[in-house]
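Reader: I'm in my first year and still learning to read these pictures. Could you take one part and go through it slowly with me?

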Amino acid sequence: MVHSYEEIIYALSELQSQELSIIRLSEPISAANAPDAPKRTSDVSSDAFEDPSPASLAADLGHYKELFSKLRFSYLEQVTKEKFLRAIVGDPPQIIEQQENVELEAQLVAVKADLKLQKADVAALVEELEAHGQELSRRYENVSLQTAQLSTLPAQISSLQETLVDLRARQSKPSANPSLSLPLPATLELVVSRQAELDDLNKQLRSLQQSLPRKTRELELLEKELKPLEAQKAATVAAAQEARRRKEEAERGLGDELELKGRWYRSVETGLREMLGVES
């Protein structure tokens, strides 16, 4: 049978509107609110019954344990005194023999052993009930949370449906980018591929950043070595330009003053050597 969201939410709301409380659930059994029920005379606050909590219930439990222990001691003391008085004032007086005491002590040991086993069973049952109670509390909180989330689902579904209609309307228009019209599996593959490329680029970038200081030092060394070469290049270019200028002047017949001076000095040197008889 299929139910709508509204029916499910309404049913859960009806269930949660019923207050879940151990005190309230125990009222039909204990008849605590019966008209002829005796009024509570203990000093435990009645707030625990109106607004129960784990702390208040634990406090009540400790109080009642202490109260029942005192009542049991008072009851045993009263019963013992009453039996003793009846025994000594009876007609004839009731006299207890040693053998009867031994038998009663043996019975008491057996009864205590049986009572100890029953206490162990009760303690195990209490632990099991506490575990079940905690589990039920967790499940109840989980159901409450899921119900709150479920109540918001219709609005979210409506919003998603509107978004889907808008996306379909946009998809119906032709797009210049073919990647925008890919199906979901192809889009996921494209995302994985682009992510792998991005990771590779990031790896290369990190490698380049690590090698940047070393490259910077090498560049500085090369610049230092390049400065003398640039000066030598400038001097060579200047000498080549001067030689070219002289060659162009010689080709135009203008002569070269330095060349003429050199020839004159050479002729003078040759004449002096001949006059002085000095061999070159």
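Author: Here is a close look at helix H4, followed by a few other spots in the protein for context.

First, some ground rules. This is a predicted model, where local features need pLDDT of at least 70 and side-chain atom pairs count only at pLDDT 80 or more, while totals for chains, interfaces and linings use all residues. Residues are numbered from 1 along each chain as its sequence is written, and side-chain values use heavy atoms, with hydrogens and water left out.

Now the setting. The protein has seven helices and zero strands, so called from DSSP runs numbered from the N terminus (H or I for at least four residues make a helix, E for at least two a strand). Reading along the sequence gives α-α-α-α-α-α-α. Out of 280 residues, 5% are buried; that word means under 20% relative accessible area, while exposed means over 50% and partly exposed is in between (1.4 Å probe, protein chains only). As for contacts (heavy atoms within 4.5 Å), among those with a separation of 6 or more, 49% join residues 24 or more positions apart.

On to H4 itself, which covers residues 54-89. Its 36 residues should span 52 Å at 1.5 Å a residue, and the end C-alpha atoms are indeed 52 Å apart, so the two agree. (The expected span is 1.5 Å times one less than the number of residues.) The buried residues of H4 are Ser56, Asp60 and Ala87.

What about charged pairs? The whole structure holds five salt bridges, each being a side-chain nitrogen of Lys or Arg within 4 Å of a carboxyl oxygen of Asp or Glu. In H4, lysine 70 pairs with glutamate 66, with the closest N and O atoms 3.5 Å apart. These two sit four residues apart, about one turn of the helix. Glutamate 66 is partly exposed at 45% relative accessible area. Further along H4, lysine 81 bridges to glutamate 77, and there the closest N and O atoms are 3.4 Å apart. Again, the partners are four residues apart, so about one helical turn separates them. Lysine 81 is partly exposed at 45%, and glutamate 77 is partly exposed at 36%. Why does that spacing work? An α-helix has 3.6 residues a turn, so residues three or four places apart point the same way.

You can find a three-residue version in helix H5 (residues 98-172), where about one helical turn lies between arginine 138 and glutamate 135. Their closest N and O atoms are 2.8 Å apart, making a salt bridge. Arginine 138 is partly exposed at 48% relative accessibility, and glutamate 135 is too, at 35%.

Next, hop to helix H6 (residues 184-251), home of serine 211. Serine 211 counts as buried because its relative accessibility is 17%. Its side chain reaches the backbone oxygen of leucine 208 at 3.1 Å.

Last, the outside. The protein exposes about 25300 Å², with carbon and sulfur atoms supplying 60% of it; such areas come from the Shrake-Rupley method with a 1.4 Å probe, and for residues only the protein chains shown count as cover. One nonpolar patch of about 600 Å² is made by Trp264, Tyr265, Val268, Leu272 and Met275. Patch members have over 30% relative accessible area and no salt bridge; like charges are joined within 9 Å, and nonpolar side chains (Val, Leu, Ile, Met, Phe, Trp, Tyr) within 5 Å. Tryptophan 264 lies in helix H7 (residues 257-276) and is exposed, at 54% relative accessible area.

How values were computed
A polar contact is a pair of N or O atoms within 3.5 Å; within protein, one must be able to donate a hydrogen and the other to accept it, and residues adjacent in sequence count only if both atoms are side-chain atoms.
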